[in-house]
Amino acid sequence: MATYQLDITKEHCPMTFVKTKVELSKLSGGDILEVNLLKGEPLDNVPRSAAEQGHEVLKISQVEEDVYQVIIKKK
Amino acid sequence: MIMNEQQIERYSRHIILSNVGVEGQEKILDGKVLIIGAGGLGSPAALYLAAAGVGTIGIIDGDVVDRTNLQRQVIHFTPDIGKPKVISAKEKIELMNPDVKVNAYQDLVVASNISEYISEYDFIIDGTDNFPTKFLINDACVLNGKAFSHGGIIRFSGQTLTYTPGNTCYRCVFHEPPPKGSVPSCSQAGVLGAIAGMLGTIQAAEALKYLTGTGELLTNRLYYFDTLKNNYRTIDVKRSDDCPVCGKHPTISELQDIEMPACDLKQL
């Protein structure tokens, strides 16, 4: 199981989740994707959308004042 | 095929869909759809398939654009009058989406050429408005194992059925063309332009679902709608053992042209 990183702090909806999905599509099942994103809309939507599409959200943590990290395990 | 950044943006609404995603969009970009007739049904079908990024779109039509087409054939514009429809359609698609390769065939499908035309495509859209050609498309697709979408419109109503090998074909339901003159053509009966848009767009959606393997197709079901009374329904249609082309003892094993008056050759 490999771990990958993605920074979508410069993206806006819906490209935040689009970029996450594109990155997840390159991974194998069980791989981990650590996504850095802004609080607010991206933090509200990206983990929810990932979970809706069957991936597992393992952890959400604050890394800077406005930046959070969401750890997603690919289904 | 790996998408570039512009493609990821362009197709973002498809990529978000859980049933399409990156993999589905890549299938669309690799997909090949043939549209027979660049008229009322073919116009919206071509526009939506082009917008969706279908990698190769073939369009067959022998006609040129005339003023009476413009009320519903939305891929053609007023300055296109006199231009071959396939050229007019190709120009619009290329402006809309450079990802799409358009093969424009200024021709009519007949028994002797249809198998070769359809052989290069994954899915066929019937956008014709005459019964002989509809039956020819059905028979060619059945005999060559190709999936296609049947579509027909008149006045305020439309019907569509999707064929995939092994399922109910158009001839299972409507054995043979009706006698000449018994059913009015669109040019005689009229058609609300928006109906062409509704039906052609359903056909485009079926093509995209087929390419991506998403959901249930309109196989073994005929979708019929009448917008005058706002009735929309699907009717279960079974394979017929007596079908002349896909039944137990088929009588059609090779394609034949059915005679038709020249005035019926015009596309919708």
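This note goes through the contacts between two chains, two residues with many neighbours in the listing, and the cysteines of a predicted model.

1. The interface in outline. In this predicted model, 9 residues of chain A are in contact with 12 residues of chain B. Putting the two chains together buries about 860 Å². Carbon and sulfur atoms give 74% of that area.

2. Charged and polar pairs. How many salt bridges are there between chain A and chain B? The count is 1. The partners are K19(A) and E5(B), whose closest N and O atoms are 3.2 Å apart. On the chain A side of the interface, the residues touching chain B comprise 5 nonpolar, 2 polar and 2 charged ones. Between the two chains there are also 5 residue pairs in polar contact, counting pairs with both residues at pLDDT 80 or more.

3. Q53(A). This residue sits in chain A, in the loop that runs between α2 (41–52) and β3 (56–62). Is Q53(A) buried or exposed? Q53(A) has a relative accessible area of 14%, so it counts as buried. Leaving out residues up to four places away in sequence, Q53(A) touches F17(A), K21(A) and K75(A) in chain A, and I16(B), L17(B) and S18(B) in chain B.

4. M3(B). In chain B, M3(B) belongs to the segment before α1 (5–10). M3(B) is buried as well, because its relative accessibility is 11%, and the cut-off for buried is under 20%. Which residues does M3(B) contact, apart from its neighbours within four places in sequence? They are I8(B), Y11(B), I15(B), V22(B), Q25(B), E26(B) and L29(B). For one of these, Q25(B), the C-alpha atom is 8.9 Å from that of M3(B), while the two residues are 22 apart in sequence.

5. Disulfides. A disulfide is a covalent bond between the sulfur atoms of two cysteines. A search over all chains of the structure finds 0 of them. C141(B), for example, is in no disulfide, and the nearest cysteine sulfur, in C169(B), is 10 Å away. C141(B) is buried, with a relative accessible area of 0%.

6. C246(B) and C172(B). Why is there no bond from C246(B) to its closest cysteine sulfur? The sulfur of C246(B) is 3.3 Å from that of C172(B), which is too far for a bond, because the two sulfur atoms of a disulfide must be within 2.5 Å. C246(B) is buried, at 12% relative accessible area.

Conventions. Residues are numbered from 1 along each chain as its sequence is written. Chains are lettered from A and ligands numbered from 1 in the order in which they are written. This is a predicted model: local features need pLDDT of at least 70, side-chain atom pairs count only at pLDDT 80 or more; totals for chains, interfaces and linings use all residues. Side-chain values use heavy atoms; hydrogens and water are left out. Buried means under 20% relative accessible area, exposed over 50%, partly exposed in between (1.4 Å probe, protein chains only). Contact means heavy atoms within 4.5 Å. Buried area is the accessible area (1.4 Å probe) that two parts lose on being put together, summed over both. A salt bridge is a side-chain nitrogen of Lys or Arg within 4 Å of a carboxyl oxygen of Asp or Glu. A polar contact is a pair of N or O atoms within 3.5 Å; within protein, one must be able to donate a hydrogen and the other to accept it, and residues adjacent in sequence count only if both atoms are side-chain atoms. Ala, Val, Leu, Ile, Met, Phe, Trp, Tyr, Cys and Pro count as nonpolar, Asp, Glu, Lys and Arg as charged, and the others, Gly among them, as polar. Helices (H or I, at least four residues) and strands (E, at least two) are DSSP runs, numbered from the N terminus.
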